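Colleague: I am new to this structure and would like to understand the terms used for it. Could we go through them together, with the model in view?

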Amino acid sequence: MSTKQCYQLFDLRLVPTAKPALCKLNFWKAVPVVAKISLRQPKEVYEEASQVSYQFDAELDNTKVTMGTLDNLGMLGRDYSFWSFWDTSSLVTNNKYPLLGEQSGLNLYVTKTGTDTVELEHGLDGSSCQSTISIQTDGTWNHVAVVYSASAQTSEFYVNGQLEDSTCSAFSPSDGTVEYGGGGGQGQWAGSLQQARLYTEAIGTEHLLNYTNWCLSYSCSAGYRRNSRRRRVVCATPTCSDAECCEAWPACSDADCTIDSKYTSRRRSYCFRNCTENLCCTWRVLGSFELLDSLAPTVALDSNEWEDAGSNCTDQFDDALPVNRTGTVDRTTVGSYTLTYDCMQNSEDVILATLTRTVEVVESMYINPDLYWIVQREAGVWSDAVSQCYDTADTFNAEIADMHQYFNWSADTRLFLGTSGGSTEVNYTVSYHCSLTDEVINKTLMVRDAIRLYGPDPHVVRAGRLRWNQGQCEICDTSTTDLDESACSYSHDNSTTADKCGLSSTGWKASASDGAGAYVELDLGSDLQVTGVITKGHSIEEAWIKTFTVSYKTNTSSDWVELSTTFPGNEDQSSEVENMLDAVVEARYWRITAQTFENVVAARVAMMVCQSTSSSTDAYCPCGYVVDDNELCRTDVLADCIDSTGLLTDFTT
């Protein structure tokens, strides 16, 4: 108690060290060698320090100790109270024994008058107060208290907390030395004394309950501890109980725990002072965390919502912990959806563990996308062991049914022999039926000869950049710029004719002294989507560009951009060489700059421009192929072939 000051014991006399305070006093100081110290047990005694002027807790056995003078002890001309425990088993009948005495004659005597009676006397010779009382015998301890009133100059006696009847004549002592367990020429106490107290006030019955421990000799049962503030007027060893003298040890219970901890008997049962969550409870930690049912369910497209099978998170006691789920599943849209499950602490936003679940939303009918629907007659068989369907009624994880297919035919008989009336292919209907939903999807399987030759049937001459792709004709729809002379300019010009610009012109040439770096510039009139460049040599002179670079700028730009590629040019005067750009470039102005050349720099040049575009591109057509509805892929005599995957391939005669 850092804010309170306590009394200290000097020469068996209490001297205040500071202002009055409530102090815990433990007295173990030895008395002179004539005294026999016999402490029955350690004791805690709580006293009002401002009123205590003397305290002696040790047991005296047939001896006495000096307390001090009446004046020093605060007994001279003042109210005071004195008490002690006694053991009467050693008293002899009709002998007078001093509990308290001083040389001037102030004494407190006990005279045994019978087996269980004594006479108490307090005062001076000739003037005193007397009381005959009943006591407890058979070696039990009794408590006696005398309370002196300075104003009335009389005393009252309390035995075992009870006020006793007494007869008094007034007396007022003079100063002298007081002894505990002796005094007045009557020798000393015979037997044992313990727990002497002297207070500088008159204490009544109610106050006695607040200042005296009546349970000093009682041993508390298991589960109980000494409670020094327990008081009872009459309590000897045979009659005391835990309820009177003790208090139950604070016991741990569920009430000491919060939602984030749990009480278990294995933790601890009793607390030293107060039970707390840290003392009594075990903090909850993650025990197990799992997702229920399939970790990665698949569900079919449907208007009904997806229903989660949930999760289970428990602590080490198998008690449930809360789980927060984030994320949604849209059953109306095909895709993958990820849900996150966070196992949480009960009271705070603390994540103990995290799990995820991926839900696939698919078409109710799944047809294997790797199947070939145009196949060679020579294969003789076609099968599908992958396609399946899903039950739309299932809201968490759909039941799956197989939709496998199998077809076979004669691989030896050619289907088409080149006659005008022959059959070019045989088509089979592949019917996919879902047993779970009764849905049906029909597909066409084409079986044809690997190589087909069409007889004479003049039709349309081949034009444009063509290819056969997945059973249909596609064209790279480009055009060639054939510019007039006003659209062309030159870095150096040594031409002898006026028709220099365009693939059908005579051609442009530089002088013999103009080498690498000479260029021809083309103005397309506006920003166009350019996909390539076509070059030819000079039509008269044996001269052409062998390699060149390409630069461009847009209608609104003043800066030229040079492509990183050096393109191969011509090897003679008359052949046209096409060079495709890596990607379509939209620009108005274009420069073809010679790097190497034959004899002199000379060329005829045109740009290839996209007429239409698509995402189906390759290195031969950055613009992208588009479907040709005019069957431009046909010629006067057509030969075609397919590979084992059903794709049209190049045919070599």
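Colleague: Why does Y428 count as partly exposed?

Modeller: This is a predicted model, in which local features need pLDDT of at least 70, side-chain atom pairs count only at pLDDT 80 or more, and totals for chains, interfaces and linings use all residues. Residues are numbered from 1 along each chain as its sequence is written, and side-chain values use heavy atoms, with hydrogens and water left out. Y428 has 24% relative accessibility, and because buried means under 20% relative accessible area, exposed over 50% and partly exposed in between (1.4 Å probe, protein chains only), Y428 counts as partly exposed.

Colleague: What makes S511 buried?

Modeller: The relative accessible area of S511 is 18%, so S511 falls on the buried side of that cut-off.

Colleague: How do you know that the side chains of S511 and D514 are joined by a polar contact?

Modeller: Their contact is 2.6 Å, and a polar contact is a pair of N or O atoms within 3.5 Å, where within protein one must be able to donate a hydrogen and the other to accept it, and residues adjacent in sequence count only if both atoms are side-chain atoms. The side chain of S511 also makes a polar contact with that of S513, at 3.2 Å.

Colleague: What makes K96 count as lying over the face of Y109?

Modeller: K96 is at 4.9 Å from the ring centre of Y109, and a charge sits over a ring if NZ of Lys or CZ of Arg is within 6 Å of the ring centre and within 35 degrees of the ring normal. K553 likewise lies over the face of Y589, at 5.3 Å from the ring centre.
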